Amino acid sequence: MRQADDNGRAPARVRGCFLAAAFMLGALHAWSARHAINPDGISYLDMGDAYLRGDWGTAINGLWSPLYSCLLGLALLVVQPSRYWEIPLVHLVNFLVYLWALWCFDFLLRELRGWRREGRASAEAATDALPEWALAALLYAVFLWASLSLIGLAAVTPDMCAASFVYLSSAFLWRIRRGDLRRRTFLILGATLGLSYLSKASMLPFVVVLLVSATVCAAG
């Protein structure tokens, strides 16, 4: 009984350590890059300023996706920083988006754990060879590598926004796969997919794949 209880607590301990490490590492990355800016970032800042001016011809165009620039414009409106603090504010927004992506990823893992515990995973699945705490540690490490190395917090881009909606929409797809066929679930999934497209136009193929997958899961 004691061993079973310890095995049940292990994923919670891994989760707690991961969340603390992810917060601290993300904060360090954002702080170290607080004055960095890239050419795309300048364009997104210009679009954010255009939202504030009501210059919709500049703010909405076929090249730059609107959601990320809208977030930057909102931050500029609320804080109204000086020129010196404008770029650090952008990296604060990046850090907050990173925390949102962290929550979405954690939500996805909770859905996957629920699916596994219900016994619906195939007995031949490779993940069954790992205890739950080891699988959680592996997936959390992948998130840190993807978020801090592949995407990063130094570049001012909407990539972290797009990644967060990938995690969130995948979580709701698993909910549908587990039998949650409520209208609210489908509405949230649709809204999430819409936001993923607004965050980055290249997400359109992913949106189509998720919609088809959700239809198949609901029909099955």
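In which helix does Leu198 lie? In this predicted model, Leu198 belongs to helix H8. Its relative accessible area is 37%, so Leu198 is classed as partly exposed. Leu198 is also one of the residues of a nonpolar surface patch of about 580 Å², whose other members are Leu195, Tyr197, Leu204, Val208, Val212 and Val216. Two elements each give two or more residues to this patch, namely helix H8 (183-199) and helix H9 (204-219). The greatest contribution is that of H9, with 4 residues.

Helix H4 was examined for its length and its burial. The helix runs over residues 66-79 and has 14 residues. At 1.5 Å a residue, a span of 20 Å is expected, and the C-alpha atoms at the two ends are 20 Å apart, so the expected and computed values agree. The expected figure is obtained from one less than the number of residues, because the span is counted as 1.5 Å times that number. Within H4, the buried residues are Leu67, Tyr68, Ser69, Leu72, Gly73, Ala75 and Leu76. The cover over these buried residues includes helix H2 (39-53), helix H5 (83-117), helix H7 (159-177) and H8. H8 is thus found both in the cover of H4 and in the nonpolar patch. Just after H4, Gln80 adopts a positive phi of about 50°.

The whole structure contains 8 salt bridges. In one of them, the side chains of Asp106 and Arg15 meet with an N to O distance of 2.8 Å. Asp106 is part of helix H5, whereas Arg15 is part of helix H1 (residues 2-32), so this pair ties together parts of the chain that are 91 residues apart in sequence. The two partners differ in accessibility class. Asp106 has a relative accessibility of 3% and therefore counts as buried, the limit for that class being under 20%. Arg15, at 29% relative accessibility, counts as partly exposed.

Asp106 takes part in a further salt bridge, with Arg110, in which the closest N and O atoms are 3.3 Å apart. Both of these residues lie in helix H5, and their separation of 4 residues corresponds to about one turn of the helix. Arg110 has a relative accessible area of 34%, so Arg110 is partly exposed. Salt bridges link Arg15, Asp106 and Arg110 in a network. In this network, the buried residue Asp106 is bridged to Arg15 of H1 and to Arg110 of H5.

Another salt bridge is formed by Arg53 and Asp55, with the closest N and O atoms 3.2 Å apart. Arg53 has a relative accessible area of 55% and is therefore exposed, since exposed residues are those over 50%. Asp55, with a relative accessible area of 28%, is partly exposed.

Helix H5 also contains Leu92. The relative accessible area of Leu92 is 43%, which means that Leu92 is partly exposed. Leu92 and Trp31 are separated by 61 residues in sequence, while their C-alpha atoms are 8.4 Å apart in space. Helix H5 therefore appears in several of the results above: H5 is among the elements that cover the buried residues of H4, and H5 carries Asp106, the partner of Arg15 in helix H1.

Key
Residues numbered from 1 in each chain as written. Predicted model: local features only at pLDDT ≥ 70, side-chain atom pairs only at ≥ 80, totals over all residues. Heavy atoms only, no water. Patch = residues over 30% accessible without salt bridge, like charges linked within 9 Å, V, L, I, M, F, W, Y side chains within 5 Å. Areas by Shrake-Rupley, 256 points an atom, 1.4 Å probe, with all protein chains shown as cover. Salt bridge = Lys/Arg side-chain N within 4 Å of Asp/Glu carboxyl O. Buried < 20%, exposed > 50% of the residue type's maximum accessible area, 1.4 Å probe, protein only. Contact = heavy atoms within 4.5 Å.
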